[in-house]
Amino acid sequence: MTSNKKESTRKELDTRSFWERNEASGGILLKETTKKYALAIFRLILLFGMCFMIIQPILNKLAFSFMAERDLYDTTIIIVPKHFSVSNWQICLQLLDYKTSLFNTIWVSALVSIIEVFVCSLVGYGFSRFQFPLKKFWFFCVILVIVIPPQTISTSLFLHFRYFNLFGKTINLSSSMIPYILMCCGCMGLKNGLYIFMIRQFYLGFPFELEEAAYVDGCGPFKTFFRIMIPGAKPILTSCFLFSFVWQWTDSFYTDLFLGKIKLLSTQISALTERFGQYLNAIYGTSVTVSVGYSNAILSTGVLLVIIPLLILYIFCQRLFVESLASTGVKM
């Protein structure tokens, strides 16, 4: 009987108008409803503004990439082109040597990311679990790797690998993958200090009881690391791998310094405007002055060709990436 009375009372309240209920609450309902919708509208405007700031440059580049040259100087055209054309995409695919550059970028980024994540996870585990001489000093060095830009040691890096001393014999290792692989194995690759710090923070929140149980069962430090710590650290390792892959994909410093002979998208895009001028000179047979608008359209198309694979990667990995960041945030 009590439940039936509550249901009938609820139905009566539902059938009453908003203003009747507001009058019955002494104006509190109107204030709360106004506050609720005002906050919702504010969040909507804030999110829309932030998303527009991020998406608007990409939309502009997308519009330029499909414009014919005459549309670039038409003041009546803002986003939608009057003369739709895919010639910019065809030119960029040719100038970037896209198939070769894309394949090289994928395997270089994947190889570097795998090495960096594995080595940094091992070092981060050591910092979080073991005591060794000068531990705080070495961790301070890790922080320095994060803070100091790599450009400050570019000359030393080049000279070191240009005249690499191997058992008293000088070897030229520049313009190859070997120096970069050696740096990644030594945790001196791109953003390695940040990965070590993130993984260390994650392992500090990892239950010690699991390791103690593994030691009781006869596991050593390495077996415990591979069988207990690595499977439990999938969230942070996923985050670090995606960070490493994306940063390596767009890196131009280390690729110019060590990987000059390998065609990568990051190095190809940097010389795209110059190659476009040479392309037009070859077509017309004379020296041609490339207009600024046309060069920007070609460059915008090339940028889109570079970031499209990353957007596809994010579409397929966004759920795993967000879950890994959320889990990492809880454990940190």
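## Salt bridges, helix packing and selected residues in a predicted model

The count of salt bridges comes to two, a salt bridge being a side-chain nitrogen of Lys or Arg within 4 Å of a carboxyl oxygen of Asp or Glu. The structure is a predicted model, in which local features need pLDDT of at least 70 and side-chain atom pairs count only at pLDDT 80 or more, while totals for chains, interfaces and linings use all residues. Residues are numbered from 1 along each chain as its sequence is written, and side-chain values use heavy atoms, with hydrogens and water left out. Helices (H or I, at least four residues) and strands (E, at least two) are DSSP runs, numbered from the N terminus.

### The salt bridges

One salt bridge joins the side chains of lysine 263 and aspartate 97, with an N to O distance of 2.9 Å. Lysine 263 lies in the loop between α13 and α14 (265–270) and aspartate 97 in the loop between α4 (87–95) and α5 (98–129), so the pair ties together parts that are 166 residues apart in sequence. Accessibility is described here with three words: buried means under 20% relative accessible area, exposed over 50%, and partly exposed in between (1.4 Å probe, protein chains only). Lysine 263 is partly exposed, with a relative accessible area of 38%, and aspartate 97 counts as partly exposed at 26%.

A salt bridge is also formed by the side chains of arginine 129 and glutamate 211, at 2.2 Å from N to O. This pair links distant parts of the chain, with arginine 129 in helix α5 and glutamate 211 in helix α10, 82 residues apart. Both arginine 129 and glutamate 211 are buried.

### Helix packing

The table lists three helix pairs, for which axes are lines fitted to C-alpha atoms, for helices over the stretch in contact, and angles run from 0 to 180 degrees between N-to-C directions.

| Helix pair | Angle | Axis separation |
|---|---|---|
| α10 (208–216) and α11 (221–232) | about 130 degrees | 10 Å |
| α9 (192–204) and α12 | roughly 170 degrees | within 10 Å |
| α6 and α9 | roughly 130 degrees | within 7 Å |

Angles under 35 degrees count as roughly parallel, over 145 as roughly antiparallel, 65 to 115 as roughly perpendicular and the rest as oblique. By their angle, α10 and α11 are therefore oblique to each other. Contact means heavy atoms within 4.5 Å, and in this packing Leu210, Glu211, Ala214 and Tyr215 of α10 meet Pro221, Thr224, Ile228 and Met229 of α11.

Helix α9 takes part in two of the tabulated pairs. With α12, the axes come within 10 Å and cross at roughly 170 degrees, which makes α9 roughly antiparallel to α12. Here Leu194, Tyr195, Met198, Ile199 and Phe202 in α9 meet Ile236, Leu237, Cys240, Phe243, Ser244 and Trp247 in α12. With α6, by contrast, the relation is oblique, and Phe139, Val142, Ile143, Val145 and Ile146 in α6 meet Gly193, Leu194, Ile196, Phe197 and Arg200 in α9.

### Individual residues

Proline 221, which belongs to helix α11, counts as partly exposed at 42% relative accessibility. Not counting residues up to four places away in sequence, proline 221 touches Tyr125, Phe130 and Tyr215.

Aspartate 251 lies in the loop between α12 (234–250) and α13 (253–258). Aspartate 251 is buried yet has no salt bridge, and the nearest side chain of opposite charge, that of lysine 191, is 8.3 Å away; for this purpose Lys and Arg count as positive and Asp and Glu as negative, while His and the chain ends are not counted. Neighbours within four places in sequence aside, aspartate 251 is in contact with Leu190 and Ser266.

Serine 154 is found in helix α7 (residues 154–162) and, at 17% relative accessibility, counts as buried. With the same exclusion of neighbours within four places in sequence, serine 154 is in contact with Phe253 and Leu257.

Two backbone angles complete the account. Most residues other than glycine have a negative phi. Aspartate 97, which is not a glycine, nevertheless has a positive phi of about 50 degrees. Leucine 134 also has a positive phi, near 60 degrees, and is found in the loop between α5 and α6 (135–147), where leucine 134 counts as exposed at 57% relative accessibility.
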